[in-house]
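Reader: I have a structure on my screen and little idea how to read it. Can we go through some features together?

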Number of protein chains: 2
Amino acid sequence: MKHLSEQDDIEFEAKFSGKEEAQIRTRLIALQEKIREANIPVIVLLCGVNGSGKNAALGTLRDWLDQRQLGLHAYERQNVQKDPVEFRRYWCDTPINGNMGIFVSSWYSDPMVLHAYGKIDDDELYKRLDECNIFEKTLAESDAVFCKFWFYKNKSDQEAFLRALDDDTYEKWRVMPDDWKNCCMAEKFEATTKKIIRYTDKEYAPWIEIESEDFTERLRTALNTLCSRVETRIEAMNKKKEKKAEEEKNPPPSPKKPHFVKTLNMEASLSKEDYLEQLPYLRARLNALLMEVKKRNKKVILAFEGPDASGKGGVISRLASSIFIRDCNIFPIAAPTKEEINHNYLWRFWTRLTDQKLLTVFDRTWYGRVLVERIEHFATEKEWKRAYEEINHFEKQLADGRNIVVKFLLYITKDEQMVRFKAREETDYKKWKIGSEDWRNREKWEQYDEAFDDMLEKTNTKYAPWFVVADNNKKYGRLQTMRLLCEHLEKVLDYDSSDLIPPPEEKKSGSKPKKNKKKKKKNT
Amino acid sequence: MKHLSEQDDIEFEAKFSGKEEAQIRTRLIALQEKIREANIPVIVLLCGVNGSGKNAALGTLRDWLDQRQLGLHAYERQNVQKDPVEFRRYWCDTPINGNMGIFVSSWYSDPMVLHAYGKIDDDELYKRLDECNIFEKTLAESDAVFCKFWFYKNKSDQEAFLRALDDDTYEKWRVMPDDWKNCCMAEKFEATTKKIIRYTDKEYAPWIEIESEDFTERLRTALNTLCSRVETRIEAMNKKKEKKAEEEKNPPPSPKKPHFVKTLNMEASLSKEDYLEQLPYLRARLNALLMEVKKRNKKVILAFEGPDASGKGGVISRLASSIFIRDCNIFPIAAPTKEEINHNYLWRFWTRLTDQKLLTVFDRTWYGRVLVERIEHFATEKEWKRAYEEINHFEKQLADGRNIVVKFLLYITKDEQMVRFKAREETDYKKWKIGSEDWRNREKWEQYDEAFDDMLEKTNTKYAPWFVVADNNKKYGRLQTMRLLCEHLEKVLDYDSSDLIPPPEEKKSGSKPKKNKKKKKKNT
């Protein structure tokens, strides 16, 4: 018997003529150059059973492409299942603009196997495929090109292939523990595959099915299709860009009156005495609630937005002092780095959410997309209008993955901002906090009001609610934020902390009654 | 009873006068500006028991500094102990140039607690402190400034403090599970502290002991000392830089004759027939050995160096095809990014070694420091000469942490390089592999030979050996590398793979004897 890898039906060695190899390799290298120039990410999925040709495609691409613009990804299923936020790792692995990412196992692997094994039903399958569709759509809309390959191999060919591997001392390591099992269940896998392909074959991320008998032909088709699909998409994109530039010349119309300010009592304030009494109480209460969150194996993500000088830093600092530093990560979000700007705008938040601590606080957030990026035209109208839904879905995924997501808009009046800006300019150690950009933003106050209003209207969800806090008085704003957070956590956890941490009135036996306490609490 | 946080002896609120606060804050903000200008990392350690003032210092720095140039770090002891390579996380957390990193728990916490509890003896303590010293020295030599604070508090004061916390409903959460235990064992902790401080108080990273009775005084001393130490160091550095610029004007002398080439048979080659027969065998053998590595809960790290066009990519591709992609990470190392260049040169390798897969391959490595950086004067003579030891220690840490580290120098002759360069220029799909830089490096062939020689002499260690492979014949080079790797793994694992994977001679019953096999193997 000839050694397997010298036979024609084995997939490990490409069998192109020298001339054809040169042709394809030249095209692939040119393709990488085009991808770099277009500055877009390309996502290639190689799906299919062992022996279907996907490994040949993988090996060939690894050998022939410039590795510096290439990422290869495969996942252990048990690791995928360990992370409560499934798509986190896929998000973090999305290629940077100009690069190609090849995924051997992917977001389809787990639903595929679970459904074929009968561990999830059709409903659950489609629910998980919805996630895949949204993920791909979000990326495709920020110009990622998808090439999703499905390599077919029928049951008897699979069996013959596995047997040939098993019989060869030097190749049998290629047979993975589940390969025989999956081969036996080939009909089930075929049925699942059909459902998956039908449900996730989208214009923005179509499936390319590879079916030929001959391995060389499979590889040829795959490589050529990869090239032509990406080339076509890049051409289409370039045309679209020209058109987009035209459209952007007409500015969007009609600022409308913001609503959210009306509901706010901007006069709310707090005396120093009350502040000093309430702060330790709220700190202890928040601590108790966060410990309860920890006990339930959940985490908290807080998002802070607000005009410049609205006091976000001070509020966050008080919040953070409620727990030990090893349980807390604070991310101040500034302008994106070069690496960040060359990814989808959500990427820099996904990557900050790996290795999550108990409490994660974002000082400015992904809402930059619908605030500064909208107002400064860093995002097109289409882009920021689409973002509300993308952001809702982002937060939904986090919430579904054992996170409690709470968002705060700290608001001050335009007059109060001026007072604070002046104080910053006049105080040596605060000067760094104020720059020409802040003054420029101030001029667009009404536009920000409108953007805040849209944001609150479109993204105030049950799983990630907004709280608006009047912060003209810093003491009031700080405690009010902590109080709202405590109340929300108690509601979500269905947990009453008052036995453990009684309010100051109850703590002091027979203490003097506090005036106006209740009234102040109701401010949002 | 007054509420705790209104008393003077509580550490949570700073008690400076408005004027003094303004003074210190102005100085701190100016300090951050200076650090940014000097483009150096500053590492601040806050050590001491609960109530010693370290939390006050932490909270104050968090409130008063510009968070965007600040990193805060604290570690859960159980997580630290889980990673077999202890310093990996500390390395990854080192601040980028221009930033300050504050560590509340640190590399001293674990040895401290273990020694005080009697779980490690003096010998083990000092061994672990040696690691701390080397870590700090390596960073200090690339201009990191250390401020290591130790806040003292005697046993009776600790006890009073903990009791006060415990008695206050709103503050008792600050008492951590081990606080009372550690307080009881205060004498043991004091003895351990003395040893730690004496052993790790170095000129490049001295300890600053904070002992005052009064909390405000402690904080004042800590903040002022931080400022003055960093200011002084930056001044000293600026002076040193001028001097360094002078020294660098005198180029280093005397190239010497390289030795390693002499031991190589550059004529070694392999026929296509032999290659096709041996490749599947070596692939299977390597796979079996890697599975054995996995079983023993170890990992493999491979480093590849060699002249341009020496065939590293081809070798790595063959190696990698011995295991499934999900078990393997390949890192092609190019010029450092802006973020990487603003860290110690080892940082970009440490960060690539988090989430390690079974096999990690570096296509070019940390040896760039003593190769291209030496020859192109990107590193000063002092820097690259120091690097041998730093690199040995880096690899030692990896090897001690369940890694098998193996290094390959793939070598070709200058004539063969010319042949390959020309082929690259003449082949469309290989043109991208050749640029002016490659031609420039070629002109410095003799300097690289010398640098290779020094590298082999100084870094060929038992825990991370070098293998030099003649690669004028690519087929020979590929298989020779795989064979050497297999042999080394068998030796290290004390494991014979030949039962599982017999060599081709034995596999075929009564096969024709191969000529010259043995001779070819002995080439290193």
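Author: Yes, and keep in mind that this is a predicted model. We begin where two chains meet: 45 residues of chain A are in contact with 46 residues of chain B.

Reader: Which elements of chain A each supply at least two residues of the side that touches chain B?

Author: Helix H1 (18–38), helix H2 (54–64), helix H11 (272–295) and strand S7 (328–332) of chain A each do so. H11(A) gives the largest share, seven residues.

Reader: How do the residues of that side of chain A divide into nonpolar, polar and charged?

Author: There are 23 nonpolar, 10 polar and 12 charged residues on the side of chain A that touches chain B.

Reader: Now a strand. How do I read burial, and is strand S4 of chain A mostly covered or uncovered?

Author: Count neighbours: a residue is buried if 20 or more other C-beta atoms lie within 10 Å of its own. Strand S4 (residues 145–151) of chain A is mostly covered, with seven of its seven residues buried.

Reader: Which residues of S4(A) lie on each face?

Author: One side holds A:Val145, A:Cys147, A:Phe149 and A:Phe151. The other holds A:Phe146, A:Lys148 and A:Trp150. Both faces are covered.

Reader: Which strands pair with S4(A)?

Author: Strand S1 (residues 42–48) of chain A pairs with S4(A) in the parallel sense, over seven bridges. There, A:Phe149 is the bridge partner of A:Leu46. Strand S5 (residues 207–210) of chain A also pairs with S4(A) in the parallel sense, over four bridges. Here A:Lys148 stands opposite A:Trp207.

Note on methods. Residues numbered from 1 in each chain as written. Chains lettered and ligands numbered in written order. Predicted model: local features only at pLDDT ≥ 70, side-chain atom pairs only at ≥ 80, totals over all residues. Contact = placed C-beta atoms within 7 Å. Nonpolar A, V, L, I, M, F, W, Y, C, P; charged D, E, K, R; others polar. Buried ≥ 20, exposed ≤ 12 C-beta atoms within 10 Å, placed from the backbone. Pairing = 2+ DSSP bridges.
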